[in-house]
Amino acid sequence: MILDEEKVMDRQISKLIEVQTRMRWTFVLFLWLTLGSFCLWWLRDDIALWIEFFTWSAVRVSLQYNRLVFLGLGLCVAMTLSTLIWQSWHILWGIRRSEYRSLARQVAEIQQAGSQHPLWKWVCKEPD
């Protein structure tokens with residue numbers, strides 16, 4: 001009986017990790033489609049010059065004089081890289097014990113809230 005409960009908990013934790021991964025990639029995609037595309041559109045004249053005469057100093061000057069564009073693209077790149085590193089860590093080395101305990105607490109909270117919790121149907125609901 002205890003082994004079955006542990007298996008169910010492990011399965012729900014892996015589902016929670018999958019949901020978190022999908023939510024992270026959805027957020028990254030949202031960032032690139034909104035903020036990233038706006039920043040690239042703002043740099044469209046500079047990009048046209050980069051295509052003709054590419055130098056790293058031209059890129060540096062363009063981003064230096066467009067600080068908000070630099071921050072926006074930096075945020076998009078940073079979120080993409082952090083999600084890649086986070087997911088790669090889980091694939092290569094697995095989940096740390098402290099993170100596993102945190103995920104177990106989150107699953108317990110989702111179970112306690114029941115179907116009222118927004119993640120319940122993806123994490124705790126068993127297929128029929």
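**Entry 1: Lys-125**

I started with Lys-125, which sits in the segment after helix H6 (120-123). The model I am reading is a predicted one. I asked whether Lys-125 is buried, exposed or partly exposed. Its relative accessible area is 43%, so I wrote down partly exposed. Next I looked up its contacts, setting aside neighbours within four places in sequence. Lys-125 is in contact with Lys-15 and Trp-120. I also checked Lys-125 against Asp-4, which is 121 residues away along the chain. Their C-alpha atoms are separated by 16 Å.

**Entry 2: Gln-12**

I moved to Gln-12, and found it in helix H1. How much of Gln-12 is accessible? The relative accessible area is 4%. That is under the 20% cut-off, so Gln-12 counts as buried. I then listed what Gln-12 touches, not counting residues up to four places away in sequence. The list is Val-107, Gln-111, Val-123, Cys-124 and Glu-126.

**Entry 3: the nonpolar cores**

Which residues make up the largest nonpolar core? I counted 11 residues in it. Ile-13, Leu-16, Ile-17 and Val-19 are among them. So are Leu-103, Ala-104, Val-107 and Ile-110. Leu-119, Val-123 and Cys-124 belong to this core too. Helix H1 and helix H5 (97-113) each supply at least two residues of this core.

I picked Ile-13 for a closer look. Leaving out residues up to four places away in sequence, Ile-13 touches Tyr-100, Leu-103, Ala-104 and Val-107. I also noted a second, separate core of 6 residues. Cys-39, Leu-43, Trp-50 and Val-59 are included in that second core.

**Entry 4: Thr-21**

I went back to helix H1 for Thr-21. Is Thr-21 buried or exposed? With a relative accessible area of 13%, Thr-21 is buried. I checked its side chain for a polar partner. A polar atom of the Thr-21 side chain lies 2.8 Å from the backbone oxygen of Ile-17. Away from its neighbours within four places in sequence, Thr-21 is in contact with Trp-86 and Gln-87.

**Entry 5: the salt bridge**

How many salt bridges are there in the whole structure? My search gave 1. As a reminder, side chains of opposite charge can pair when their charged atoms come close. The salt bridge joins the side chains of Glu-18 and Arg-22, at 3.0 Å from N to O. Both residues are in helix H1. They are 4 residues apart, so about one helical turn separates them.

I compared their accessibility with the cut-offs. Glu-18 has a relative accessible area of 42%, so it is partly exposed. Arg-22 has 55%. Exposed means over 50%, so Arg-22 is exposed.

**Entry 6: the nonpolar patch**

Last, I looked at the surface. Which residues form the nonpolar patch? I found Trp-32, Leu-40, Val-77, Leu-81, Leu-84 and Ile-85. Together they have about 520 Å² of accessible area. Helix H1 (2-42) and helix H4 (67-93) each supply at least two residues of the patch. H4 gives the most, with 4 residues.

I finished with one patch member, Leu-84, which lies in helix H4. Its relative accessibility is 39%, so Leu-84 counts as partly exposed.

Technical notes
Residues are numbered from 1 along each chain as its sequence is written. This is a predicted model: local features need pLDDT of at least 70, side-chain atom pairs count only at pLDDT 80 or more; totals for chains, interfaces and linings use all residues. Side-chain values use heavy atoms; hydrogens and water are left out. Patches are made of residues with over 30% relative accessible area and no salt bridge: like charges are joined within 9 Å, nonpolar side chains (Val, Leu, Ile, Met, Phe, Trp, Tyr) within 5 Å. Accessible areas come from the Shrake-Rupley method with a 1.4 Å probe; for residues, only the protein chains shown count as cover. A salt bridge is a side-chain nitrogen of Lys or Arg within 4 Å of a carboxyl oxygen of Asp or Glu. Buried means under 20% relative accessible area, exposed over 50%, partly exposed in between (1.4 Å probe, protein chains only). A polar contact is a pair of N or O atoms within 3.5 Å; within protein, one must be able to donate a hydrogen and the other to accept it, and residues adjacent in sequence count only if both atoms are side-chain atoms. Contact means heavy atoms within 4.5 Å. A nonpolar core is a set of buried Ala, Val, Leu, Ile, Met, Phe, Trp, Tyr and Cys residues joined through side-chain atoms within 4.5 Å.
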